[in-house]
Amino acid sequence: MAALLRGMGVLCPRSTAPSVLRGFSSSGVALAKVLHVGNLPPQATERKLQAFLTRKAGPCTVRFVIDRETLKPRGFAYVHFADDRVAQTVFNRLHNTDFMGKLLFVAWPDNPVAGLKAAGFS
């Protein structure tokens with residue numbers, strides 16, 4: 001079954017979307033290089049997550065999604081990698097990896113364009 005990737009207008013099977021996707025956000029960020037990283041502990045910071053991911057996989061840019069009302073992180077972030085192969089490696093190897101006492105949830109974003117805007121990449 002195919003899933004329409006809202007915001008991009010690309011129709012492709014969900015399981016192959018990340019490897020097929022070669023679109024770009026309005027800021028030029030390649031969407032296949034962006035991952036959703038969730039289940040972050042409350043004490044996590046962008047710097048700590050970036051240092052952890054850089055040690056494990058290479059350079060990246062991390063943006064936490066912040067709650068508008070409380071101005072506190074919502075427990076997940078969008079991570080942009082310079083290379084889509086690095087993003088694929090992180091996706092394959094770091095899902096359910098311990099980070100500051102919690103297991104990370106790593107996934108390809110359902111709506112990368114909206115996610116990037118929410119995280120401040122626009």
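# A walk through the predicted model

Start by selecting Phe 91: at 26% relative accessibility it counts as partly exposed, because that value is not under the 20% that buried requires and not over the 50% that exposed requires. Keep in mind throughout that this is a predicted model.

**Stop 1: the partner of Phe 91.** Add Trp 108 to your selection. The rings of Phe 91 and Trp 108 form a tilted aromatic pair, with 5.3 Å from centre to centre and 35 degrees between the planes. Phe 91 belongs to helix H3, while Trp 108 sits in the loop between strand E8 (105–107) and helix H4 (112–118), so the pair ties together parts that are 17 residues apart in sequence. Is Trp 108 buried or exposed? Trp 108 is buried, since its relative accessible area is 18%, and the limit for buried is under 20%.

**Stop 2: another aromatic pair.** By the rule used here, the model has three aromatic pairs. For one of them, select Phe 76 and Tyr 78: this pair is edge-to-face, with 6.1 Å between the centres and 80 degrees between the planes. Both Phe 76 and Tyr 78 are buried.

**Stop 3: the strands around E5.** Stay with Phe 76 and bring in Gly 38, because Phe 76 in E5 is the bridge partner of Gly 38. Strands E3 and E5 run antiparallel and are joined by five bridges. Now turn to E4, which also runs antiparallel to E5, with six bridges joining the two. To see one position along E4 and E5, select Thr 61 and find His 80 of E5 opposite. As you look along a strand, remember that in a regular strand the side chains alternate between the two faces of the sheet.

**Stop 4: two backbone spots to check.** E4 and E5 form a hairpin with six residues between them. Select Leu 71, in the loop between E4 and E5. Leu 71 has a positive phi of about 60 degrees, although it is not a glycine. Leu 71 is also exposed, with a relative accessible area of 64%. Next, go to Asn 96, in the loop between H3 and strand E6 (98–99). Here the phi is positive too, at about 65 degrees, and Asn 96 is not a glycine either. At 48% relative accessibility, Asn 96 counts as partly exposed.

**Stop 5: the nonpolar core.** Which residues have the most contacts inside the largest nonpolar core? Select Leu 40, Leu 49, Leu 53, Val 62 and Val 79; the core as a whole has 20 residues. Strand E3 (34–38), helix H2 (46–56), strand E4 (60–66), strand E5 (73–81) and helix H3 (84–94) each give two or more residues to this core. Centre the view on Leu 49 and show what touches it: leaving aside residues up to four places away in sequence, Leu 49 touches Val 37, Leu 40, Val 62, Phe 64, Ala 77, Val 79 and Phe 99. In soluble globular proteins, nonpolar side chains tend to be buried together.

**Last stop: the whole chain.** Zoom out and colour by secondary structure. The protein chain has four helices and eight strands, and from the N terminus on the elements run β-β-α-β-α-β-β-α-β-β-β-α. Of its 122 residues, 41% count as buried. Among contacts between residues at least 6 apart in sequence, 56% join residues at least 24 apart. Switch on the surface to finish: the protein chain exposes about 7100 Å², and carbon and sulfur atoms supply 53% of that area.

Methods:
Residues numbered from 1 in each chain as written. Predicted model: local features only at pLDDT ≥ 70, side-chain atom pairs only at ≥ 80, totals over all residues. Heavy atoms only, no water. Core = buried A, V, L, I, M, F, W, Y, C linked by side-chain atoms within 4.5 Å. Buried < 20%, exposed > 50% of the residue type's maximum accessible area, 1.4 Å probe, protein only. Contact = heavy atoms within 4.5 Å. Phe/Tyr/Trp six-rings, centres within 6.5 Å; stacked < 30°, edge-to-face > 60°. Areas by Shrake-Rupley, 256 points an atom, 1.4 Å probe, with all protein chains shown as cover.
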